[in-house]
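Student: I should like a close look at a single part of this predicted model. Please choose one element and place it in its surroundings.

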Amino acid sequence: MRKREIKKERLSLILLCSVMVFVFLLFSILLSILLLALLSRTGLFAQLGIQVHSLGQFSLLMSITSTVIGAGIARLSSKFIVRPFNQLINQMNRLASGDFSARLEYGNPLQKDPTFAELTDSFNTMAKELESTEILRGDFVNNFSHEFKTPIVSIAGYAKLLRRASLTKQEQQEYLTIIEEESLRLSAMATNVLSLTKVENQNILTDVTRFNLSEQIRSCILLLEPKWDAKSIEFRIEFAEQMIWANEELLKQIWINLIDNAIKFSPAGETVEVRIHAADRQVAVTVLNRGEPIPADKMKKIWNKFYQGDESHASQGNGIGLALVDKIVRLHNGQASVACEDGQVAFTVVLPQ
């Protein structure tokens with residue numbers, strides 16, 4: 001259906017160009033006829049020594065006159081014809097130079113044409129997305145630099161304290177624990193950034209094997225036990241064994257990120273539920289948790305790289321996890337979505353079986 005609409009829009013542009021060319025040609029011919037008739041009636045042909053005795057001579061004279069007049073009309077009208085293309089080139093040059101506030105606007109009657117309207121909408125949408133990405137990138141650089149620097153300063157500070165001979169064994173253990181936690185935090189940041197970079201540069205899915213998806217999800221939950229145990233969170237994982245063809249290592253990153261998010265945003269003592277449903281050669285995995293609902297205006301943004309919807313938890317993440325999930329899912333020709341209803345937040349990943 002969409003292809004037919006595009007063909008109709010393209011056809012309207014072809015018709016518009018054809019009508020313009022026809023009008024120019026017709027105007028040139030009519031103007032030539034009027035000019036020749038005027039010269040003939042006023043006797044200027046005779047004064048100039050031009051004799052028209054045959055149809056061939058008249059046709060030649062008509063052709064020369066039409067060519068001269070047509071060239072003049074084309075020269076005068078070229079400014080109006082080329083203007084929309086010059087405007088497009090100018091705005092594209094602004095984007096190329098880093099000015100993402102560039103917008104394309106055509107006045108009537110061009111804006112009424114479906115093709116020019118589509119061009120305007122597509123260009124402005126692209127410019128808005130680039131502007132949004134640039135803002136997010138700038139925010140990420142600032143936030144990530146801060147988050148990366150904080151554990152390094154913390155490690156250096158507590159390492160310096162450990163040099164003191166007056167520390168008790170309890171204090172030494174406490175400082176060593178903090179150093180270990182901050183080191184793991186740095187390692188997680190680096191791992192997420194490297195994983196996202198690797199996946200973003202991957203266009204073909206490799207290392208596809210058949211494995212037990214249910215067992216993989218249970219393993220991911222056990223891997224995150226220290227986090228959910230610290231908040232007294234329980235898991236409801238009543239699902240049957242499900243096999244799938246996929247990249248096992250990449251899917252593992254999806255479940256770790258989604259389950260980790262569910263733990264992070266769930267109040268203490270709540271329950272996180274994981275569901276698996278298979279139908280029509282597809283497998284849908286849903287991770288549900290109770291917590292603060294995601295505002296409607298942030299539903300789509302949460303999949304963007306470097307975006308953090310809840311800044312109160314910003315120190316626990318860096319806005320990479322869901323971007324990584326989305327990229328891996330799309331690499332598997334699947335779809336990721338989020339829904340908020342009745343105080344529950346549900347992330348669903350649908351993958352081909």
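Tutor: Let us take helix 9, in which Gly 321, Leu 322, Ala 323, Leu 324, Val 325, Asp 326, Lys 327, Ile 328, Val 329 and Leu 331 are buried. Since 10 of the 11 residues in this helix, which spans residues 321-331, are buried, helix 9 is largely enclosed by the rest of the structure. For the protein chain as a whole, with its 353 residues, 34% count as buried. After helix 9 comes Asn 333, which has a positive phi near 60°.

The sheet may be described next. It is an open sheet of 5 strands in the order 2-4-5-7-6, and its pairing is mixed. Strand 2 (234-236) and strand 6 (335-341) form the edges, each pairing on one side only. On average, neighbouring strands of this sheet are turned by 15° against each other, direction ignored. Within the sheet, strand 4 (residues 271-279) and strand 5 (residues 282-290) run antiparallel and are joined by 7 bridges. One of these pairs Ala 278 with Val 283 of strand 5.

Helices also pack on the sheet. Helix 6 (residues 213-223) touches strand 2, strand 4 and strand 5, and its direction makes about 165° with that of strand 4. Helix 8 (residues 248-265) lies across strand 2, strand 4, strand 5 and strand 7 (344-352), and runs at about 20° to strand 5.

As for the wider setting, the protein chain contains 9 helices and 7 strands. Among its contacts with a separation of 6 or more, 71% are between residues 24 or more positions apart.

Definitions and conventions. Residues numbered from 1 in each chain as written. Predicted model: local features only at pLDDT ≥ 70, side-chain atom pairs only at ≥ 80, totals over all residues. Heavy atoms only, no water. Helix = DSSP H or I, 4+ residues; strand = E, 2+ residues; numbered from the N terminus. Buried < 20%, exposed > 50% of the residue type's maximum accessible area, 1.4 Å probe, protein only. Contact = heavy atoms within 4.5 Å. Pairing = 2+ DSSP bridges. Axes fitted to C-alpha atoms, helices over the stretch in contact; angles between N-to-C directions.
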